[in-house]
Amino acid sequence: MIKILANDGISNSGIEKLEKNGFIVNTNKISQENLAEEINSENYEVILVRSATQIRKDIIDKCPNLKIIGRGGVGMDNIDVKYAQENNIHVINTPAASSSSVAELVFAHLFGMVRYLYESNRQMPMEGDTSFKKLKKSYSGGRELNGKSLGIIGFGRIGQEVAKIGIGLGMKILAHDKFIKEENITLRFFNGEKKTFTIETSKLNYVLKNSDFITLHIPKIDNKALIGAEEIGLMKTGAGVINTSRGGNIDETALMFALDKKKLAYAGLDVFDNEPTPSIHLLMHNAISMTPHIGAATLEAQDRIGIELADQIILFYKK
C-alpha cells in the first residue's frame, strides 16, 4: 500500500477519500531535520505540506522514492519545484481551493482597519471601564468602504474573488497584473441571478496613485519588495495596504515609517518577513491589523484543499 506523509496536516475529508482508495495517511508532524530519515525509513512515496515544511534540494536528493510533493495551498516557494520535476517527482498544489477564504480575510482586515477595531480591541479590555468616552472619541473617525477605490495587485483567482466582494460593497475596482489585461467578474446572488462586470487592468503606478486601499495577491519575486518606500510615496495620503500574499512583498521598515509619518493610515498583514518570528517592532505597532498567516485557514477551505489533493494523488496513481 502507498504511504502518504501529510506533514502539515490534511482535512478529515481528504484522509477519508485517500483511505477509501487504499492509501495509508500519516499526519504526525516530523521535524525538518528528521524529515528525510522518516520518509526513507517509512517508505513514504507522497509528502504533503503547507507553508511550514520545506522541501528543498537536500530532501529531494536524500529521498529517491518520493513520487509526489503536494502543497495544500497556492504558493510553492517552500518547495524546489523545478528541481523536483527534473528528478521525476510530480508536484501538485491547490490553487482554487482557498481563494474565497483569503478574499474574506482581506475584508476582515479592511473592515477592522477603517473602524479601528485592531486598536480598539487592544484598548477596551484595559481602559474601557475607566476611559469609555475617551476611547469613543478616539475611534469615532471611521470610514465606510462603499464608494472607495480598491486597488488589487495580482488579478488571478484570489484577486478576482477580492474584486467580487469589493463590487458587492459598492467599491470601485482598480487592478494590476503583468499577464492579465481584462477579466470578467461574475457575481452570483442568493436567488440565482447573476451580473458580470468587466475589469480592465492598469499599470502599477496608476493603481497605487488612485486607490484608497491596496491589497496584494502576488507571489514573492526575486526577494524584492513590490511595495517599498518609492511605491508608498505614490499612494494617497491616508491610504491603507493589506498583504495576505507573501511576507516580504511589503518593505516592513518602509511601512512602519509611513505609518508613523501618517502617510499611510493603517495596514493589514497576514504574512511577515522572518516567519514564524516576525519583527517585534512590527508586532507592537498600533496601526497594524495582524493575523498569523491564516488566509486559507477556514474549515471550508481545508476541506476543499484536502479533497483536491486527494483527487490529484488518486489520479496520478491510476495513470
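**Exercise 1. Find how many salt bridges the structure holds, and place the one that Lys29 forms.**

Let's start with the total: this predicted model holds 10 salt bridges. Next, look at Lys29, whose partner is Asp8; the closest N and O atoms are 2.6 Å apart. Now place both residues: Lys29 sits in the loop between E2 and helix H2 (35-41), and Asp8 in the loop between E1 and helix H1 (12-20), so the pair ties together parts 21 residues apart in sequence. Finally, check Asp8: its relative accessible area is 15%, and because buried means under 20%, Asp8 is buried.

**Exercise 2. Work out which parts of the chain are tied together by the salt bridge of Asp77 and Arg246.**

First, the side chains of Asp77 and Arg246 meet at 3.0 Å, N to O. Asp77 lies in the loop between E4 and helix H4 (81-86), while Arg246 lies in the loop between strand E11 (239-243) and helix H11 (252-260), so parts 169 residues apart in sequence are tied together. As for accessibility, Asp77 is partly exposed at 42%, whereas Arg246 is buried at 13%.

**Exercise 3. Describe the open sheet of 5 strands and the helix H13 that packs on the sheet.**

Begin with the strand order, E2-E1-E3-E4-E5, with parallel pairing. The edge strands are E2 (24-26) and E5 (90-93), each pairing on one side only. Then bring in helix H13 (residues 299-318), which touches E1 (3-6), E3 (46-49), E4 and E5. To finish, follow H13 back to a salt bridge: Asp311 and Lys17 meet at 2.6 Å, N to O. This pair links helix H13 with helix H1, its residues being 294 apart.

Methods. Residues numbered from 1 in each chain as written. Predicted model: local features only at pLDDT ≥ 70, side-chain atom pairs only at ≥ 80, totals over all residues. Heavy atoms only, no water. Pairing = 2+ DSSP bridges. Helix = DSSP H or I, 4+ residues; strand = E, 2+ residues; numbered from the N terminus. Contact = heavy atoms within 4.5 Å. Axes fitted to C-alpha atoms, helices over the stretch in contact; angles between N-to-C directions. Salt bridge = Lys/Arg side-chain N within 4 Å of Asp/Glu carboxyl O. Buried < 20%, exposed > 50% of the residue type's maximum accessible area, 1.4 Å probe, protein only.
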